Amino acid sequence: MNQHPTGFNLSALAVRERSVTLFFILVTAVAGTLAFLNLGRAEDPAFVMRVLVVTAHWPGASAAQMQELVAEPLEKRISEVDYFYRVETTARPGRVDLLVEFQDYTPAARVPDLFYQVRKRMSDEAGNLPSGVRGPFVNDEFSDVYFALYALSAPKLPPRLLVREAEQIRDRLARVEGVQKVRVLGERPQRFFVELDPARLATLGITPEAVRDALDAQNRLLPAGVIETAAPRLYLRPDNTLTDVEAIKRVPLRVGEQLVLLGEIAEVKRGYEDPPGYIVRSGGQDAVLLGVVMRLGENGLNLGQRLTAFISQLETDLPLGFELVQLTNQADAIVHAVNLFQIKFMVAVGVVMLVSFLALGWRAGLVVGIAIPLTLGLTFLLMLIRGVNLDRVSLGALIIALGLLVDDAIIAIEMMLVKMEEGWDRLRAAAHAWTVTAAPMLSGTLITVVGFVPIGFAQSGVGEYAGNIFWVLAFALLISWVVAVTFTPYLGTLLLRPHQIPPAPLFQRGENQKAPL
């Protein structure tokens, strides 16, 4: 005699309330599909760099002087910052570079404040450094990854005009949705070169230091006073800015009781930094680069499409003779990486479903096969809510979870098959799966999830990069348990056939029975 379950039984409730269960299955399928389409795509997860660079310049100083008089005072101030780990110093004549590293377990939320503390201490220490030291300069953005690089070139165009056009394109690129910032790279700063005539200097008794002081005094902006009137207040500002070659030639130099113009003893010309810091060439032509940095959490594929549309429109607006060439595009790398992992993932899903069909039969295998996309759909929904992108780590975690998330569904459907073969009706068989297997399945799932807790909660760069392995696995495995005790029993009652007990024969021959005459 079949007895229906008493007390709370989630599997029995899912089977009894068929319309509600079917509604949740349909909602899960739709929400999971939309979540998958809206998940961010990236090549690798983002993580915080706990490193910055401090640089100082002192023209004319030796490497030993840079180390003793500049680097050591800066190192002492930097070591006072919390979570300080180490500093690697490179001293060369006229320049020193300090690579500052913080502890790997430094909380990501504290890193911007720590960078500010270093910057503040370097600003305070600048006044104590020897006269003539430029800096120290703090660079905490050297770890920016350029999503796309564009080379702008124009043959026979002066570099300053090329940079001017690049800056206009930069301003337009920065307004594209999903772009955090755009940088112009490869710019050669303009310089005025004053080439002194040694013979004339010796004849007039002028030293190069006197020329430098005269240029500095002429280019210095000083207050000249204010005239109070009955109407507006008038400010006096002397026009002494050296902005062109002729203005520099007219700089006066005192020689005894006379004044000599700089242009009479020196050749002044406009040029560019020589030697240049670095030169950018594209197609054999001098060029400047435009580096686009993607906003954190942005969908790389969507940004790639917006940039492609923007560049297509921009190319029609460029002046004649300008050429804009895309050198790198991370969207292509994201497409390759994500598609490769998605193909591997779909192959893994197909293999698991095929094994289920062969081992359980097509009806029971179909129940397990339906449970897989339902579990993944809810997993994608939780990933979207938490802000987890589809990248190498999250897709790898899904592949790892795929071999585990079918276990609960197989156990639940196998228990139903066993009881239905014993003559139980579908409702009682479904309820029995909850009574006997729900707690053990949940315990096994939690034990598996706990094994990945250390990497999920690791307070380090490794935890930031690979921590989603824990979260994706936890989402997939816990959801697989929910699907196994709710959707799987309901699907089993729809797809599994009740066991047919063969009728007993009318006559049975026993040991004490005689054959009929």
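The following exchange examines the terms applied to a predicted model.

Me: What makes the pairing of W434 and W481 an aromatic pair, and why is it called tilted?

Reply: The ring centres of W434 and W481 are 6.2 Å apart, and rings pair if their centres lie within 6.5 Å. The planes stand at 50°; under 30 degrees would count as stacked and over 60 as edge-to-face, so the pair is tilted. A search of the whole structure finds nine aromatic pairs.

Me: Which elements does the pair of W434 and W481 link?

Reply: W434 belongs to helix α14, residues 426–450, and W481 to helix α17. The two residues are 47 residues apart, and the pair links distant parts of the chain.

Me: Why are W434 and W481 called buried?

Reply: Buried means under 20% relative accessible area. W434 has 17% and therefore counts as buried. W481 has 13%, so W481 is buried as well.

Me: How do you know that F457 and F470 form a tilted pair?

Reply: Their centres are separated by 5.5 Å, which satisfies the limit of 6.5 Å. The angle between the planes is 55°, and tilted covers what is neither under 30 nor over 60 degrees. F457 lies in the loop between α15 (453–456) and α16, while F470 lies in helix α17, 13 residues apart.

Me: What are the accessibility classes of F457 and F470?

Reply: F457 has a relative accessible area of 46% and is therefore partly exposed, since that class lies between 20% and 50%. F470, at 7%, counts as buried, because the limit for that class is under 20%. F457 and F470 also belong to one aromatic cluster with W471 and F475.

Me: What makes the charged end of R386 sit over the ring of W471?

Reply: The charged end of R386 is 3.9 Å from the centre of the W471 ring. The distance criterion is within 6 Å, and the charge must also lie within 35 degrees of the ring normal. R386 is assigned as sitting over the ring.

Me: How do you know that the span of α17 is close to the expected one?

Reply: Helix α17 has 18 residues and reaches 26 Å from its first C-alpha to its last. The expected span, at 1.5 Å a residue, is 26 Å.

Me: Why is α17 described as largely enclosed by the rest of the structure?

Reply: Of the 18 residues of α17, 15 are buried, so the helix is largely enclosed by the rest of the structure. Helix α17 also supplies at least two residues of the lining of the largest pocket.

Me: What lines the largest pocket, and where is its centre?

Reply: The largest pocket is lined by 46 residues, and P45, A46, F47, V48 and L296 lie nearest its centre. About 1500 Å³ of space lies in this pocket. The largest share of its lining, three residues, comes from α4. By class, the lining has 21 nonpolar, 13 polar and twelve charged residues.

Me: Which classes of residue make up the lining of the second largest pocket?

Reply: The lining has twelve nonpolar, five polar and no charged residues. Glycine counts as polar, and proline, leucine and phenylalanine count as nonpolar. Accordingly, among the residues nearest the centre, F36, P373, L376 and F380 are nonpolar and G377 is polar. The pocket holds about 320 Å³ of space, and α12 gives the largest share of its lining, six residues.

Me: Why is E228 called exposed?

Reply: Exposed means over 50% relative accessible area. E228 has 56% and therefore counts as exposed. E228 lies in the loop between β8 (226–227) and β9 (234–235).

Me: Why is P112 called exposed, and where is P112 found?

Reply: P112 has a relative accessible area of 54% and is therefore exposed, the cut-off being over 50%. P112 is found in helix α4. The C-alpha atoms of P112 and D140 are 9.2 Å apart, although the residues are 28 apart in sequence.

Me: What is the accessibility class of Y83, and why?

Reply: At 29% relative accessibility, Y83 is partly exposed, because this value falls between 20% and 50%. Y83 is found in the loop between α3 (63–78) and β2 (84–92). Y83 has a positive phi of about 65° although it is not a glycine.

Methods
Residues are numbered from 1 along each chain as its sequence is written. This is a predicted model: local features need pLDDT of at least 70, side-chain atom pairs count only at pLDDT 80 or more; totals for chains, interfaces and linings use all residues. Side-chain values use heavy atoms; hydrogens and water are left out. On a 1 Å grid over the protein atoms alone, a cavity is a set of points where a 1.4 Å probe fits but cannot get out, and a pocket is an open set with protein on both sides within 12 Å along at least five of seven lines; lining residues have an atom within 4 Å of a point. Grid points are joined across faces, edges and corners, and a volume is the space filled by probe spheres set on the points. Helices (H or I, at least four residues) and strands (E, at least two) are DSSP runs, numbered from the N terminus. Rings of Phe, Tyr and Trp (its six-membered ring) pair if their centres lie within 6.5 Å; planes under 30 degrees apart count as stacked, over 60 as edge-to-face and the rest as tilted. Buried means under 20% relative accessible area, exposed over 50%, partly exposed in between (1.4 Å probe, protein chains only). The expected span of a helix is 1.5 Å times one less than its number of residues.
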